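Got a minute to look at a model together? Here's a quick briefing on a pocket and a couple of helix contacts.

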Amino acid sequence: MAPLQSNKADQAYDISTSERSTNQPNELNDYAFPRSRLKQSMSDSSKTPLLLVACGSFSPITYLHLRMFEMAADYAKYNTEFEVIGGYLSPVSDAYRKAGLASAEHRVAMTRIATDQASRWLDVDPWEAIQKEYQPTAIVLDHFEHEINVVQRGIATETGERKPVKIVLLAGADLIQTMSTPGVWSQEDLNHILGRYGVFIVERTGTDIDDALAALTPWRQNIWVIQQLIQNDVSSTKIRLFLKREMSVRYLVPAPVIKYIEEHGLYEDDGASSSIHEKDKESRCKLAAEASESK
């Protein structure tokens, strides 16, 4: 059974898609923090309420991005004293200027389409995406801390009292590798992210997480490592490559997102068609071999 979807949990969540804003806020003046999918009260007040936040490009969002939240929720349920009360995707702003980055408007739209169609408890917060300047991860987590624990005053318990929510970053193992590499992250940011908040890390194929964790010993108690029981190494980078080569990404990306990509002509390469219909078998095999050689 998928986490957070029992009858009791359903009663605690407001999961009506119709109540979610369909307009894209282009300016901060139009911004309102999305709360409709947050759990309204805890099921077990003896536990610590937990909010999962994933920051990233999501260009485009894939099924692995969504699976990470489900894996984290399962891990929290069976291995910790946390109770997950919600999960957010926070797309980075256009100021990040990363290669292959679709506009923030498109990326927010795609993540919303994906969560609307594939999840009952995940939501998209466009706050980071609409910023004019790049916002460091520490600042984004501060934003969630403010909205959840200051504005909302945490979450209600079974007794009616309110309890502060622990905000954690959800990320892949490659993040921990960069954090353990000298000079990539400042000590101040590491203290802020790993010390004040913490991180749930999903293992990824080919990542030596043990060496990375050894370099982050001061914050080890605030780092939770989630093993992928079914390996999945799909990435947005690989998806963009497939799309540029007119290869199928069906079952790697939610179908409504694929439709959106096609309708808006995203990830075209030098005027190539954005069609993502499958080609004949021989052509696909040839392109797959080229993609493998380019890794």
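What follows covers the largest pocket, then two helix pairs. Keep in mind that this is a predicted model.

**The largest pocket**
- The largest pocket holds about 980 Å³ of space.
- Its lining takes in 36 residues, and Cys-55, Gly-56, Ser-57, Lys-98 and Asp-174 sit closest to the centre.
- Two strands and four helices feed in at least two lining residues each: S1 (48-56) and S6 (166-172), plus H2 (63-79), H4 (137-151), H5 (173-179) and H8 (236-244).
- Sorted by class, the lining has 17 nonpolar, twelve polar and seven charged residues.

**H3 against H9**
- H3 (residues 104-118) packs on H9 (residues 255-264) at an angle of about 150°, and their axes are 9 Å apart.
- That angle makes the two helices, H3 and H9, roughly antiparallel.
- Their crossing, H3 with H9, is right-handed.
- On the H3 side you'll find Glu-105, His-106, Ala-109, Met-110, Ile-113, Ala-114 and Gln-117, which meet Pro-256, Val-257, Tyr-260, Ile-261 and His-264 of H9.
- This H3–H9 contact counts eight nonpolar residues, three polar and one charged.

**H4 against H6**
- H4, one of the helices that help line the pocket, also pairs with H6 (residues 187-197), with axes that come within 9 Å and cross at roughly 35°.
- Here the crossing of H4 and H6 is left-handed.
- H4 brings Thr-137, Ala-138, Leu-141, Asp-142 and Glu-145 to the contact, while H6 brings Asp-189, His-192, Ile-193, Arg-196 and Tyr-197.
- The H4–H6 contact splits into four nonpolar, two polar and four charged residues.

Key. Residues are numbered from 1 along each chain as its sequence is written. This is a predicted model: local features need pLDDT of at least 70, side-chain atom pairs count only at pLDDT 80 or more; totals for chains, interfaces and linings use all residues. Side-chain values use heavy atoms; hydrogens and water are left out. Axes are lines fitted to C-alpha atoms, for helices over the stretch in contact, and angles run from 0 to 180 degrees between N-to-C directions. Angles under 35 degrees count as roughly parallel, over 145 as roughly antiparallel, 65 to 115 as roughly perpendicular and the rest as oblique. A crossing is left-handed if the near helix is turned anticlockwise from the far one by less than a right angle, and right-handed if clockwise. Contact means heavy atoms within 4.5 Å. Ala, Val, Leu, Ile, Met, Phe, Trp, Tyr, Cys and Pro count as nonpolar, Asp, Glu, Lys and Arg as charged, and the others, Gly among them, as polar. On a 1 Å grid over the protein atoms alone, a cavity is a set of points where a 1.4 Å probe fits but cannot get out, and a pocket is an open set with protein on both sides within 12 Å along at least five of seven lines; lining residues have an atom within 4 Å of a point. Grid points are joined across faces, edges and corners, and a volume is the space filled by probe spheres set on the points.
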